[in-house]
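Colleague: Could we go through this model together? I would like to begin with the aromatic residues and then move to other topics.

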Amino acid sequence: MTAHDTPNLSRRRLLRAAAIVPAAALPAVAVASPAQAAYLGNIVRADVLERAQNWYNRNIQYNGGSRATDIDGSHTYRQDCSGFVSMCWHSATPGHSTRTLPDLCTRINWGQLKVGDIVNSYDNHCMLFHKWAAESGHIWIYDLADTSSDMRHVKVATASLRSQGYIPWRYDRIRDN
């Protein structure tokens, strides 16, 4: 899979540096309000993206045996690809698997992908669709891939994903607005 990864290393260095800076030296930071989707309820695409960006900004580390809180801190999800997607959709904790995510979805065509949809490879890996890239046949995705890359926001070629058996799906509880 070809990807131009958004650098995580520099984010890690910044996070580590921020941890040693005295709190008084830091300006006040406004915190976004939690995504408004009800647990196990319908969710709008903007909330799915906000939830994804929260884990990305927090640089949640891949660890399938561990859990991390969602944006409002009231639910914990597995720190793996399908746990991440489950968290984004505010679906059941600790998260579905790549085998069970399609049970919550409707299969769609590649050209129908919208923010908050997924591309899933059964029993392998899933990724959250963010947006179409400027280059034809490429998309931006969020995923929690593995221990070597952790949270990613990467551009990938749809042809590569298709050849690896990925299928696009739309969560049945997702709404445009």
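Colleague: Is Tyr56 buried or exposed?

Modeller: Please keep in mind that this is a predicted model. Tyr56 is buried, with a relative accessible area of 9%.

Colleague: How many aromatic pairs does the structure hold?

Modeller: The structure holds four aromatic pairs. One of them is formed by Tyr56 and Tyr142, with an edge-to-face arrangement: 5.7 Å centre to centre and 70° between the planes.

Colleague: Where do Tyr56 and Tyr142 lie along the chain?

Modeller: Tyr56 belongs to helix 2 and Tyr142 to strand 8, 86 residues apart, and the pair links these distant parts of the chain. Tyr142 is buried as well, with a relative accessible area of 4%.

Colleague: And Trp89 with Tyr171: why is that pair stacked?

Modeller: The ring centres of Trp89 and Tyr171 are 4.2 Å apart and the planes meet at 5°, so the pair counts as stacked; the limit for stacking is under 30 degrees between planes. Trp89 lies in helix 3 and Tyr171 in strand 10, so the pair ties together parts that are 82 residues apart in sequence. Both Trp89 and Tyr171 are buried.

Colleague: Let us turn to the core. Which residues of the largest nonpolar core touch the most other members?

Modeller: They are Trp55, Phe84, Trp89 and Leu128, in a core of 27 residues. The elements that give two or more residues to this core are helix 2 (45–58), helix 3 (81–89), strand 7 (125–132), strand 8 (138–144) and strand 10 (167–171).

Colleague: Which element gives the most to this core?

Modeller: Helix 3 does, with six residues. Helix 3 is also mostly covered, nine of its nine residues being buried. Among them are Cys81, Phe84, Val85, Met87 and Trp89. Just after helix 3, His90 takes a positive phi of about 55°.

Colleague: What is Leu128 in contact with, neighbours within four places in sequence aside?

Modeller: The contacts of Leu128 include Val48 and Ala52, then Phe84, Val85, Cys88 and Trp89, and further Ile118, Trp140, Ile141 and Tyr142. Apart from the largest core, there is a second, separate core of 12 residues, which includes Val119, Val154, Val156 and Leu161.

Colleague: You mentioned Cys88. How many disulfides does a search of the whole structure find?

Modeller: The search finds zero disulfides. For Cys88, the nearest cysteine sulfur is that of Cys126, 9.5 Å away. Cys88 counts as buried, at 0% relative accessibility.

Colleague: Why is Cys105 not bonded to Cys126?

Modeller: The sulfur of Cys105 is 9.5 Å from that of Cys126, its closest cysteine sulfur, which is too far for a bond; a disulfide would require the two sulfur atoms to be within 2.5 Å. Cys105 is buried, with a relative accessible area of 9%.

Colleague: A change of topic: in which sense do strand 3 and strand 4 pair?

Modeller: Strand 3 (residues 63–69) and strand 4 (residues 76–79) pair in the antiparallel sense, over four bridges. In this pairing, Arg67 stands opposite Arg78 of strand 4.

Colleague: How many residues lie between strand 3 and strand 4 in the hairpin?

Modeller: There are six residues between them, and Gly73 in the turn has a positive phi of about 75°.

Colleague: What about Ser121: buried or exposed?

Modeller: Ser121 is buried, with a relative accessible area of 6%. Ser121 is found in strand 6 (residues 118–121). Leaving out residues up to four places away in sequence, Ser121 touches Thr98, Gln164, Gly165 and Tyr166.

Colleague: Finally, where is the place of Lys114?

Modeller: Lys114 sits in the loop between strand 5 (105–107) and strand 6. At 35% relative accessibility, Lys114 counts as partly exposed.

Colleague: And what does Lys114 touch, not counting residues up to four places away in sequence?

Modeller: Lys114 touches Arg45, Phe129, Arg170 and Asp176. With Asp176 there is a polar contact between the side chains, at 3.2 Å. Lys114 and Asp176 are 62 residues apart in sequence, and their C-alpha atoms are 9.0 Å apart in space.

Methods:
Residues are numbered from 1 along each chain as its sequence is written. This is a predicted model: local features need pLDDT of at least 70, side-chain atom pairs count only at pLDDT 80 or more; totals for chains, interfaces and linings use all residues. Side-chain values use heavy atoms; hydrogens and water are left out. A nonpolar core is a set of buried Ala, Val, Leu, Ile, Met, Phe, Trp, Tyr and Cys residues joined through side-chain atoms within 4.5 Å. Buried means under 20% relative accessible area, exposed over 50%, partly exposed in between (1.4 Å probe, protein chains only). Contact means heavy atoms within 4.5 Å. Two strands pair if DSSP finds at least two bridges between them. Rings of Phe, Tyr and Trp (its six-membered ring) pair if their centres lie within 6.5 Å; planes under 30 degrees apart count as stacked, over 60 as edge-to-face and the rest as tilted. A polar contact is a pair of N or O atoms within 3.5 Å; within protein, one must be able to donate a hydrogen and the other to accept it, and residues adjacent in sequence count only if both atoms are side-chain atoms.
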